[in-house]
Amino acid sequence: MMLTRIVLVGLICCSLVSSVKACGPGRGYGRRKHPRKLTPLAYKQFIPNVAEKTLGASGRYEGKITRNSERFKELTPNYNPDIIFKDEENTGADRLMTQRCKDKLNSLAISVMNQWPGVKLRVTEGWDEDGHHSEESLHYEGRAVDITTSDRDRSKYGMLARLAVEAGFDWVNYESKAHIHCSVKAENSVAAKSGGCFPASARVSLENGDSKQLKDLKPGDRVLAADELGNLLYSDFIMFLDRAEEVEKVFYVIETREPRRKLALTAAHLLFVGRSSSEGRIEFKATFASDVRSGQLVYVTDGGSQQLQPAMVDKVYLEEMTGAYAPLTVQGTLVINQVLASCYAVIEEHTLAHWAFAPVRMRHAVTSLLLPSDPLTVNSTVQEAGVHWYCSALYQMGRWVLDDASIHPSGMTLDSS
């Protein structure tokens with residue numbers, strides 16, 4: 001009975017695998033962590049701590065949208081009854097915004113009501129068609145909103161800004177004591193589409209001693225991985241959960257000191273960090289790539305004895321690269337560019353993610369046993385482009401069950417790249 005419940009919970013939680021987000025769910029081996037305490041933003045603080053129109057935030061300005069322009073169709077009205085729109089122009093302009101901005105705003109509205117019962121989210125500025133903002137303001141594209149709470153209690157604004165960060169806005173600034181400014185990436189922006197896990201150029205090690213670019217992996221290849229104790233082994237590559245060959249995407253690049261290693265992966269993908277125990281055992285947990293910081297330890301192969309060893313993260317930065325590939329192995333882990341990573345993403349439970357894909361592993365095992373030499377059968381499990389249907393099904397189920405706090409912010413938007 002207990003095993004059945006664990007499997008069911010695993011299948012549901014891992015639904016958020018959102019391979020649409022490129023890979024799967026996950027957190028590390030071990031117990032589920034307690035919800036973290038939210039800290040209000042300080043006056044004038046902005047997150048992320050970079051300029052709004054840079055790659056790591058909401059991205060560059062793409063031009064003003066007017067009612068007569070072709071791009072006006074990119075804007076959609078928001079009639080959410082849980083949001084109060086000031087609409088001082090009486091034109092409905094404040095209700096117009098991009099779909100991404102609308103999704104984040106609606107998510108924030110729920111958080112506001114949960115945080116302060118009886119209080120609603122209030123939008124004082126949305127899309128601007130009258131030139132009331134600075135040159136190249138994202139308000140002109142419907143990608144920015146200025147917000148307060150309905151009771152206009154300024155003591156709440158620091159926490160309101162934090163809730164906006166948690167809702168997934170790409171840039172949040174406590175810029176005025178009268179409001180919070182939030183913005184998002186463009187719908188067609190490279191950075192807005194967070195599908196995929198690793199770039200095409202990433203390399204894996206094969207059982208025959210060769211290495212291969214990730215994009216060239218085929219079903220039946222056995223690649224270097226690790227078990228839950230940190231023991232290296234070779235595991236069958238099953239399929240790509242997401243595969244986009246030509247797309248340009250933004251990756252977090254993790255560079256270590258001695259030994260020098262460099263791994264690029266998307267924000268919501270899971271990377272193992274941790275420490276070596278006093279008994280010499282490796283202890284690690286899975287962490288979102290966007291949460292990895294300098295000074296933490298990741299695990300790498302030494303190239304000699306083929307054992308995992310800790311390496312300190314030297315720096316983390318963003319870089320655009322070509323291709324987005326989300327590989328799945330039987331083990332659920334992968335040594336890529338000589339760094340150990342999870343095959344999963346989006347939620348913080350690696351173990352539950354692994355349970356969610358048990359049916360896929362079982363099908364692979366049966367197929368390999370009964371039809372080991374039939375390439376048509378094997379290749380039928382590979383998605384040539386886009387997100388695998390199984391991941392999409394898991395994602396949809398998980399959205400009905402899991403609360404948003406369990407999900408990486410970039411994992412909340414579907415994309416079909």
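**Close-up views of a predicted model**

**View 1. Confidence along the protein chain.** Among the elements of the protein chain, strand E8 (residues 179–183) has the highest mean pLDDT, 98, and helix H6 (residues 375–379) the lowest, 41; pLDDT is the predictor's confidence in each residue, from 0 to 100, while helices (H or I, at least four residues) and strands (E, at least two) are DSSP runs numbered from the N terminus. This is a predicted model, in which local features need pLDDT of at least 70 and side-chain atom pairs count only at pLDDT 80 or more, whereas totals for chains, interfaces and linings use all residues. Residues are numbered from 1 along each chain as its sequence is written, and side-chain values use heavy atoms, with hydrogens and water left out. For the protein chain, the mean pLDDT is 80, and 76% of its residues reach 70 or more.

**View 2. Lysine 102 in helix H2.** Lysine 102 belongs to helix H2, which covers residues 99–115. Lysine 102 is buried yet has no salt bridge, and aspartate 103, the nearest side chain of opposite charge, is 6.8 Å away; buried means under 20% relative accessible area (1.4 Å probe, protein chains only), Lys and Arg count as positive and Asp and Glu as negative, without His and the chain ends, and a salt bridge needs a side-chain nitrogen of Lys or Arg within 4 Å of a carboxyl oxygen of Asp or Glu.

**View 3. Cysteine 101 and cysteine 182.** The structure holds 0 disulfides, a disulfide being a pair of cysteine sulfur atoms within 2.5 Å. For cysteine 101, the nearest cysteine sulfur is that of cysteine 182, 8.1 Å away. Cysteine 101 counts as buried because its relative accessibility is 0%, and cysteine 182 also counts as buried, at 0%.

Note on methods: Buried < 20%, exposed > 50% of the residue type's maximum accessible area, 1.4 Å probe, protein only.
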